[in-house]
Amino acid sequence: MTTDTTATTDSGTTAAPERMLTTSDMWSMYWRSTFLLGSFNFERMQAMGFCLTLMPAIRKFYPNDKTQQAAALKRHLEFYNTHPWISSVVFGITAAMEEQRSKGGDIGDDTITNVKVGLMGPLAGVGDPIFWGTARPVLGALGATLALNGSWLGPLVYFFGINIIRIVVRWYGLTMGYDRGTAMVTEVGGNQLKRITQIAAVTGLFVMGALVSKWTNIKFPGIVTEATDSTDAKTVQDILDSLLPGLAALGLTFLCMYLLNKKINALWIILGMFVIGILGAWTGWLGL
């Protein structure tokens, strides 16, 4: 049974959709979101914290249906990882999608997951340079300068400055994400949700692909040809770089994707890379 969540005014225009979450519910989600990294793990990263944050909304959307509550919780225990402050935007949009789903909207598990995954990469690309790369160093430098000059305001400037930014970003990200998400998922025409999902997915894949080349560093220092008076020594890494820079990193990424598709536990893959890295450095065929 589908419930209509919009109303039509006397002038014939469509009014804003009715919100199920109250300000109290939003504050409950906000406080829970501060523990996003409380159960961080290397298999699903921030999934436990994401699930904890969404629990007030899930209870509100499915008040008397434990089966639906359990299904929703399981849905949000999938892999999730992005900047913890700006992640509030994803919480709000996801809550809006869960709300529409609970009202009978045509929103499947894949749609919710794709939006979350699609937003992770772009938001991390925005949050990390702004907050970790700019706000924190600037406030830290300002506070340290005041402290070195003997002012007790130094640590207070950093403490209050960084926390005010954190509180504002978390709260308004959550409320704006929910408000905009509610309007987005109740859009009648134009398949807006589908377009947003596709754009987010493509952008997320693009960002993650770029991060592979930036953050994955694999070098093979083994010498293929010895140095002579006219030529330098050529290593295995030189040959790989001449074929395609970052070829080893790309190969490792595809190998991990293949193993994950074969249902190999991510923890075993991580452990295997640790073992191979240690043995490779010890034997000399892998280097910094």
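**Figure 1. A buried methionine in a loop.** Met45 is buried, with a relative accessible area of 17%. In this predicted model, Met45 belongs to the loop that runs between α1 and α2. Take a look at the backbone here: the phi of Met45 is near 55 degrees, a positive value in a residue other than glycine.

**Figure 2. An exposed lysine in another loop.** Lys263 sits in the loop between α9 (247–261) and α10 (266–283). Is Lys263 buried or exposed? With a relative accessible area of 74%, Lys263 is exposed. Its backbone has a positive phi too, near 65 degrees, and this residue is likewise not a glycine.

**Figure 3. The whole chain, for orientation.** Before moving on to further close-ups, it helps to step back. The protein chain holds 10 helices and 2 strands. Starting at the N terminus, the elements follow the order α-α-α-α-α-α-α-β-β-α-α-α. The chain has 288 residues, and 32% of them count as buried.

**Figure 4. A salt bridge between Asp25 and Lys60.** How many salt bridges does the model contain? The count comes to 3, and this view shows one of them. The side chains of Asp25 and Lys60 meet here, with a distance of 2.6 Å from N to O. Asp25 lies in helix α1 (residues 23–33) and Lys60 in helix α2 (residues 47–61), so this pair ties together parts that are 35 residues apart in sequence. The two partners can also be described by their accessibility. Asp25 has a relative accessibility of 14% and counts as buried, because the cut-off for that label is under 20%. Lys60, at 32%, is partly exposed.

**Figure 5. Asp25 and Pro56.** Staying with Asp25 in helix α1, this view turns to another residue, Pro56. How far apart are Asp25 and Pro56 in sequence and in space? In sequence they are separated by 31 residues, while their C-alpha atoms are 6.4 Å apart in space.

**Figure 6. A salt bridge between Glu98 and Arg75.** Here Glu98 pairs with Arg75, and their closest N and O atoms are 2.9 Å apart. Glu98 belongs to helix α4 (residues 88–102) and Arg75 to helix α3 (residues 66–75), so the pair ties together parts that are 23 residues apart in sequence. Are these two residues buried or exposed? Both Glu98 and Arg75 are buried.

**Figure 7. A salt bridge between Lys103 and Glu99.** The side chains of Lys103 and Glu99 form a salt bridge as well, at 3.0 Å from N to O. Lys103 is buried, and Glu99 is buried too. An α-helix has 3.6 residues a turn, so residues three or four places apart point the same way.

**Figure 8. The cavity and its lining.** How many cavities of 30 Å³ or more are there? The count is 1. The largest cavity holds about 30 Å³ of space. Which residues line the largest cavity? They are Arg75, Glu78, Phe79, Thr113, Lys116 and Val117. Arg75 may look familiar, as the salt-bridge partner of Glu98. Sorted by character, the lining has 2 nonpolar residues, 1 polar residue and 3 charged residues. Helix α5 (residues 109–148) supplies the largest share of this lining, with 3 residues.

**Figure 9. Helix α5 and its kink.** This view follows α5 from end to end. At 1.5 Å a residue, its 40 residues should span 58 Å, and the C-alpha atoms at its ends are 54 Å apart, which agrees. Where does α5 have a kink? There is a kink of about 30 degrees at Asp128, shortly before the proline Pro129. Just after α5 comes Gly150, whose phi is positive at about 85 degrees.

**Figure 10. A buried glycine in helix α6.** Gly177 is part of helix α6 (residues 153–185). With a relative accessible area of 4%, Gly177 is buried. This view pairs Gly177 with Ala95: the two are 82 residues apart in sequence, yet their C-alpha atoms are 8.7 Å apart in space.

Key
Residues are numbered from 1 along each chain as its sequence is written. This is a predicted model: local features need pLDDT of at least 70, side-chain atom pairs count only at pLDDT 80 or more; totals for chains, interfaces and linings use all residues. Side-chain values use heavy atoms; hydrogens and water are left out. On a 1 Å grid over the protein atoms alone, a cavity is a set of points where a 1.4 Å probe fits but cannot get out, and a pocket is an open set with protein on both sides within 12 Å along at least five of seven lines; lining residues have an atom within 4 Å of a point. Grid points are joined across faces, edges and corners, and a volume is the space filled by probe spheres set on the points. Helices (H or I, at least four residues) and strands (E, at least two) are DSSP runs, numbered from the N terminus. Ala, Val, Leu, Ile, Met, Phe, Trp, Tyr, Cys and Pro count as nonpolar, Asp, Glu, Lys and Arg as charged, and the others, Gly among them, as polar. The expected span of a helix is 1.5 Å times one less than its number of residues. The bend at a residue is the angle between axes fitted to the seven residues ending there and the seven starting there. A salt bridge is a side-chain nitrogen of Lys or Arg within 4 Å of a carboxyl oxygen of Asp or Glu. Buried means under 20% relative accessible area, exposed over 50%, partly exposed in between (1.4 Å probe, protein chains only).
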